Amino acid sequence: MKRHMLVHSGEKPHKCPECGKRFRHLVSMKTHMLVHSGEKPHKCPECGKRFRQVGYMKTHMMMHNDERPFECDDCGRRFRDRRSIIRHMLVHTEERPFECDECGRRFRDRGSIIHHMLVHTEERPFECDKCGRLFKSCKGIKAHMLVHLNDKPS
């Protein structure tokens, strides 16, 4: 009961000694500290991939048997985890909560707006390993790679 009451009080008595982030529960802080150590104690029995949290490993393991327990009520598409179906539901609502500060264009998810922001900069983070040409997007470099298909090794 005492532990549960921390939810209502907002108190976070456990502080990470590395970064100062605070937690309600000691176990949460200990799990968080794995970020700093790089330790990944949970191993997938199928492929050996390692994870910091058992929940991440369980979600990953669904990939091996193609388990998708979360179903969209609108279209029937199925997902492995709650976060994915929540993100998917924006497709049906037309909701676009992320707005570009530069041009006002709106996006469904954080990844899309981050990718869009490259339009407003000169940054070109994708480099062709064949010729060194730089691109703003993964899509751009993939299209470019087609020019190298007929290249003969020297």
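A salt bridge is counted here wherever a side-chain nitrogen of Lys or Arg lies within 4 Å of a carboxyl oxygen of Asp or Glu. With that cut-off in hand, the side chains of arginine 78 and glutamate 71 qualify, since their N to O distance is 2.6 Å. The model in which this pair is found is a predicted one, and every value below is computed from it.

Before the individual contacts, the overall form of the chain deserves attention. The protein chain holds six helices and ten strands. Its radius of gyration is 22 Å, well over the 15 Å that the globule rule gives for 154 residues, and the chain is therefore more spread out than a compact globule. Along the principal axes, the C-alpha trace spans about 65 × 40 × 40 Å. Of the 154 residues, 18% count as buried, while the chain exposes about 12,000 Å², of which carbon and sulfur atoms supply 50%. The contact pattern can be read beside these values: among contacts in the protein chain with a separation of 6 or more, residues 24 or more positions apart account for 0%.

Within this chain, the salt bridges come to a count of five. Side chains of opposite charge can pair when their charged atoms come close. In the pair introduced at the outset, both partners are partly exposed, arginine 78 at 37% relative accessibility and glutamate 71 at 41%. Another pair joins glutamate 99 to arginine 106, with the closest N and O atoms 2.7 Å apart. Here too the partners count as partly exposed, glutamate 99 at 42% relative accessibility and arginine 106 at 37%.

A further salt bridge links aspartate 66 with arginine 80, and its closest N and O atoms are 3.5 Å apart. Aspartate 66 lies in the loop between helix H3 (54-65) and strand S5 (70-71), whereas arginine 80 lies in the loop between strand S6 (78-79) and helix H4 (82-93), so the pair ties together parts that are 14 residues apart in sequence. Aspartate 66 is partly exposed at 48% relative accessibility, and arginine 80 is partly exposed as well, with a relative accessible area of 24%. The pairing also belongs to a wider arrangement, in that Asp66, Arg68 and Arg80 are linked in a network of salt bridges.

Aspartate 66 draws attention for its backbone too, because its phi is near 55 degrees, a positive value in a residue other than glycine. Glutamate 94 likewise has a positive phi, near 65 degrees, and is a residue other than glycine. Glutamate 94 lies in the loop between H4 and strand S7 (98-99).

The cysteines call for a separate reading. A disulfide is a covalent bond between the sulfur atoms of two cysteines, and in this model the count of disulfides comes to zero. Cysteine 44 is in no disulfide, as the nearest cysteine sulfur, that of cysteine 47, is 3.8 Å away, beyond the 2.5 Å within which a pair would be counted. Cysteine 44 is buried, at 1% relative accessibility. Cysteine 100 is in no disulfide either, the nearest cysteine sulfur being that of cysteine 103 at 3.7 Å. Cysteine 100 also counts as buried, with a relative accessible area of 2%.

How values were computed. Residues are numbered from 1 along each chain as its sequence is written. This is a predicted model: local features need pLDDT of at least 70, side-chain atom pairs count only at pLDDT 80 or more; totals for chains, interfaces and linings use all residues. Side-chain values use heavy atoms; hydrogens and water are left out. Helices (H or I, at least four residues) and strands (E, at least two) are DSSP runs, numbered from the N terminus. Buried means under 20% relative accessible area, exposed over 50%, partly exposed in between (1.4 Å probe, protein chains only). The radius of gyration is taken over C-alpha atoms; the globule rule is 2.2 Å times the number of residues to the power 0.38. Contact means heavy atoms within 4.5 Å. Accessible areas come from the Shrake-Rupley method with a 1.4 Å probe; for residues, only the protein chains shown count as cover.
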